[in-house]
Amino acid sequence: MTRRVAVIGVGNSKFGRRDDVSVQELAWESIKEALNDSGVSQSDIGLVVVGSTAYRGIELYPAPIVAEYSGLTGKVPLRVEAMCATGLAAALSAYTAVASGLVDMAMAVGVDKMTEVDTSTSLAIGGRGGNYQWEYHFYGTTFPTYYALYATRHMAVYGTTEEQMALVSVKAHKYGAMNPKAHFQKPVTVEEVLKSRVISWPIKLLDSCPISDGSATAIFASEEKVKELKIDSPVWITGIGYANDYAYVARRGEWVGFKATQLAARQAYNMAKVTPNDIEVATVHDAFTIAEIMGYEDLGFTEKGKGGKFIEEGQSEKGGKVGVNLFGGLKAKGHPLGATGLSMIYEITKQLRDEADKLQQPLKKYIGLVHNVGGTGHFAYVMVLRR
């Protein structure tokens, strides 16, 4: 039995360096907002799934302490982890519990405090995200290095330029400057991106997302519960797709896109009975600028190899063919791994409810998409939402 499931409440903490709060206080910021947004209380929730990588925090097992602080003890039997896609992994678990009839309402909470270790340690932890023995141990690979491999290959095969990648950063910072919850709130220029410090060529500092703290929460309800509660603006989840790929990138065969994203997108589109041309607003996983360009192509917004042109022509800007990352994306809004996917649901829910204020994408069909990648394509999740 599969039931229709809607998002009825969302919350998002301020992203950034959050030395002012503990991990449980940080989680509560988004949980409280989501409860207020939905009009339900802790006692109404049947299941809570906490998504957290916790590799970089002092609380290595945050789920029980988040539950205790937020008045949810007894309802949090699990924590999930899927690297950078941990947020949507938590969302999938909560969605499935409602769709299957196990519970009528479920909550997914994503939280991470990434800044409790220094940058070098954080890079070393991230570098273990692939195949430790054949990659990090022998070559010291880091996440910027992995994405540099994809970027150089994309440039060689399709002629994608550093300037086109810089445009992704400029777009993200422009919208992040209008989002009070974003980590970075200052616009940048193409010239500033190109002149920023090289991390792993062609990836430069301003091609890279920040290391952020943050939390995000979404509450899911069955159609019966939506009617009972008289929710006037439910956002329905009409399609979900998921896939994974080899840990050892040398086994993947090509490095111009993520096979996991392509498979997840196809599954989500088929379930939602839509095509990429129906998507009007999207969050695309942009941990590095080349990732967003590959995302346009892997999700079918444009042909393979045309992602650079897609950003150059302004088709992913507000008012373009598909408004992408209009809250600043991972690049400027921030990327606290456990929270990112749920923050994407927060953003698309706000867009589909016409609550995005000056960041609002003009909509006709009211169909949005969320795309969350774990590692360098090790996991991928795609969700189609509709109002």
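Guide: A helix axis here is a line fitted to C-alpha atoms over the stretch in contact, and angles run from 0 to 180 degrees between N-to-C directions. The model is predicted.

Visitor: At what angle do the axes of helix α1 and helix α2 cross?

Guide: Helix α1 spans residues 23–38, and helix α2 spans residues 62–69. Their axes come within 9 Å. The crossing angle is roughly 60°.

Visitor: Are α1 and α2 oblique or roughly perpendicular to each other?

Guide: Roughly perpendicular would need 65 to 115 degrees. The axes of α1 and α2 cross at roughly 60°. The two helices are therefore oblique.

Visitor: Is the crossing of α1 past α2 left-handed or right-handed?

Guide: On the α1 side, the residues that meet α2 are Val 23, Gln 24, Glu 25, Ala 27, Trp 28 and Ile 31. On the α2 side they are Ile 65, Val 66 and Tyr 69. The hand of the crossing is right-handed.

Visitor: How far apart are the axes of helix α6 and helix α11?

Guide: Helix α6 covers residues 143–158 and helix α11 covers residues 289–298. They pack at an angle of about 60°, and are therefore oblique to each other. α6 passes α11 in a left-handed crossing. The axes are separated by 10 Å.

Visitor: Which residues of α11 make the contact with α6?

Guide: From α6, the contributors are Tyr 147, Tyr 150, Ala 151 and His 154. From α11, they are Ile 290, Ala 291, Ile 293, Met 294 and Glu 297.

Visitor: Which helix gives the most residues to the largest nonpolar core?

Guide: The largest nonpolar core has 93 residues, and those with the most contacts inside it are Phe 220, Phe 301 and Ile 345. The helix that gives the most to this core supplies ten residues. That helix is α3, residues 86–99.

Visitor: How many residues does the other core have?

Guide: Another core lies apart from the largest one. Its members include Ile 8, Ala 27, Val 66 and Trp 236. Two of these names return in the α1 and α2 contact, where Ala 27 is in α1 and Val 66 is in α2. The residue count of this other core is 27.

Visitor: Which isoleucines does Phe 220 touch?

Guide: Neighbours up to four places away in sequence are not counted. Phe 220 touches Val 5, Ala 6, Val 7, Ala 91, Ala 94 and Val 98, and also Asp 104, Met 105, Ala 106 and Ala 108. The list is completed by Ile 237 and Ile 345.

Visitor: Is Ala 282 buried or exposed?

Guide: Ala 282 is found in strand β9, residues 281–283. Leaving aside neighbours within four places, Ala 282 contacts Phe 301, Val 322, Gly 323, Val 324, Asn 325, Ile 348 and Leu 369. The cut-off for buried is under 20% relative accessible area. With a value of 0%, Ala 282 is buried.

Visitor: How far apart in space are Ile 211 and Thr 119?

Guide: Ile 211 lies in the loop between β6 (203–204) and β7 (213–222), and counts as partly exposed at 30% relative accessibility. Beyond four places in sequence, Ile 211 is in contact with Met 114, Thr 115, Thr 119, Ser 122 and His 183. Ile 211 and Thr 119 are 92 residues apart in sequence. The C-alpha to C-alpha distance is 8.1 Å.

Visitor: What is the omega of the peptide bond from Trp 201 to Pro 202?

Guide: Most peptide bonds are trans. The bond from Trp 201 to Pro 202 is cis, and Pro 202 is in the loop between β5 (198–200) and β6. Omega is near 5°.

Visitor: What is the relative accessibility of Lys 230?

Guide: Lys 230 is not a glycine, yet has a positive phi of about 55°. Lys 230 lies in the loop between α9 (223–229) and β8 (235–244). Exposed means over 50%. Lys 230 counts as exposed, at 70%.

Visitor: Which loop holds Asp 357?

Guide: Asp 357 also has a positive phi of about 55° although it is not a glycine. At 67% relative accessibility, Asp 357 counts as exposed. The loop is the one between α14 (337–352) and β11 (367–374).

Visitor: How far apart are the end C-alpha atoms of residues 6–224?

Guide: An unreviewed UniProt entry lists residues 6–224 as "domain: Thiolase N-terminal". The span is 43% helix and 18% strand. Its end C-alpha atoms are separated by 10 Å.

Note on methods
Residues numbered from 1 in each chain as written. Predicted model: local features only at pLDDT ≥ 70, side-chain atom pairs only at ≥ 80, totals over all residues. Heavy atoms only, no water. Core = buried A, V, L, I, M, F, W, Y, C linked by side-chain atoms within 4.5 Å. Buried < 20%, exposed > 50% of the residue type's maximum accessible area, 1.4 Å probe, protein only. Helix = DSSP H or I, 4+ residues; strand = E, 2+ residues; numbered from the N terminus. Contact = heavy atoms within 4.5 Å. Parallel < 35°, antiparallel > 145°, perpendicular 65-115°, else oblique. Left-handed = near helix turned anticlockwise from the far one by under 90°. UniProt positions renumbered as here; feature names shortened; annotations may be inferred.
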